[in-house]
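Grab a viewer and work through these exercises at your own pace. Each one starts with a task and then walks you to the solution.

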Amino acid sequence: RLVNIVASIYTLQRRYKTATTGYAQSLRIKRRALRTLLQDGCEVDDESGFVSDDEKNISKDGTDEEAHRTSVLDIASTLHNIGLMRYKLGKFLKAEDAYKQALSLRVEKCGLDDMRVSR
């Protein structure tokens, strides 16, 4: 969370490239934590900044469903922030990709009627 907070501060200072780097680091940390939660060594592309289908959908026996859901939603939030930074930097297609991934995760975990989907 601290990395995310620092990235937010860079955002307020309009240091968007630095903020993007911070959010990307935060995303890598969150994705590692999710892999640990799943305990199945999912193949994840750390370069793309996206969550694999395994991370979105698999719930292993004994996995705390709420912890899994919270982790995925936290990743969605960070992807949204990355999309915002890319938008501010004029990288519109990359921003759209990040926004779509964040939306997909939120819809998957919350459903279309949830307020977190409309944010």
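**Warm-up: one helix pair**

Helix 2 passes helix 4 in a left-handed crossing (left-handed: the near helix is turned anticlockwise from the far one by less than a right angle; right-handed: clockwise). Helices here are DSSP runs of H or I with at least four residues, strands are E runs of at least two, and both are numbered from the N terminus. The model is predicted, so local features need pLDDT of at least 70 and side-chain atom pairs pLDDT 80 or more, while totals for chains, interfaces and linings use all residues. Residues are numbered from 1 along each chain as its sequence is written, and side-chain values use heavy atoms, leaving out hydrogens and water.

**Exercise 1.** Work out how helix 2 and helix 4 are oriented, and what their contact is made of.

*Solution.*
- Step 1: Helix 2 covers residues 16-38 and helix 4 residues 65-88; they pack at about 160°, with axes 9 Å apart (axes are lines fitted to C-alpha atoms over the stretch in contact; angles between N-to-C directions run from 0 to 180 degrees).
- Step 2: That makes the two helices roughly antiparallel (over 145 degrees; under 35 is roughly parallel, 65 to 115 roughly perpendicular, the rest oblique).
- Step 3: The residues in this contact sort into 14 nonpolar, 6 polar and 4 charged (nonpolar: Ala, Val, Leu, Ile, Met, Phe, Trp, Tyr, Cys and Pro; charged: Asp, Glu, Lys and Arg; polar: the others, Gly among them).
- Step 4: Among those that meet across it (heavy atoms within 4.5 Å) are Tyr23, Leu27 and Leu34 from helix 2, and Ile75, Leu79 and Ile82 from helix 4.

**Exercise 2.** Do the same for helix 1 against helix 2, then for helix 4 against helix 5.

*Solution.*
- Step 1: The axes of helix 1 and helix 2 come within 8 Å and cross at roughly 165°, so this pair is roughly antiparallel.
- Step 2: The crossing of helix 1 and helix 2 is left-handed, and the contact residues divide into 7 nonpolar, 7 polar and 1 charged.
- Step 3: Helix 4 and helix 5 pack at about 160°, axes 8 Å apart, and are therefore roughly antiparallel.
- Step 4: Helix 4 passes helix 5 in a left-handed crossing, with 15 nonpolar, 5 polar and 5 charged residues in the contact.

**Exercise 3.** Which residues of the largest nonpolar core touch the most other members?

*Solution.*
- Step 1: Pick out the core, meaning buried Ala, Val, Leu, Ile, Met, Phe, Trp, Tyr and Cys joined through side-chain atoms within 4.5 Å.
- Step 2: The largest one has 16 residues, and Tyr23, Ile75, Leu79 and Leu105 touch the most other members.
- Step 3: Helix 2, helix 4 and helix 5 (92-110) each supply at least two residues of this core.
- Step 4: Zoom in on Leu105 in helix 5; its relative accessible area is 0%, so Leu105 is buried (buried: under 20%; exposed: over 50%; partly exposed in between; 1.4 Å probe, protein chains only).

**Exercise 4.** Is Arg14 buried or exposed?

*Solution.*
- Step 1: Arg14 is found in the loop between helix 1 (2-12) and helix 2.
- Step 2: Arg14 has 66% relative accessibility, so it counts as exposed.
- Step 3: For a bonus, check the backbone: phi of Arg14 is near 60°, a positive value in a residue other than glycine.

**Exercise 5.** How many helices and strands does the chain have?

*Solution.* Count 6 helices and 0 strands. Of the 119 residues in the chain, 38% are buried.
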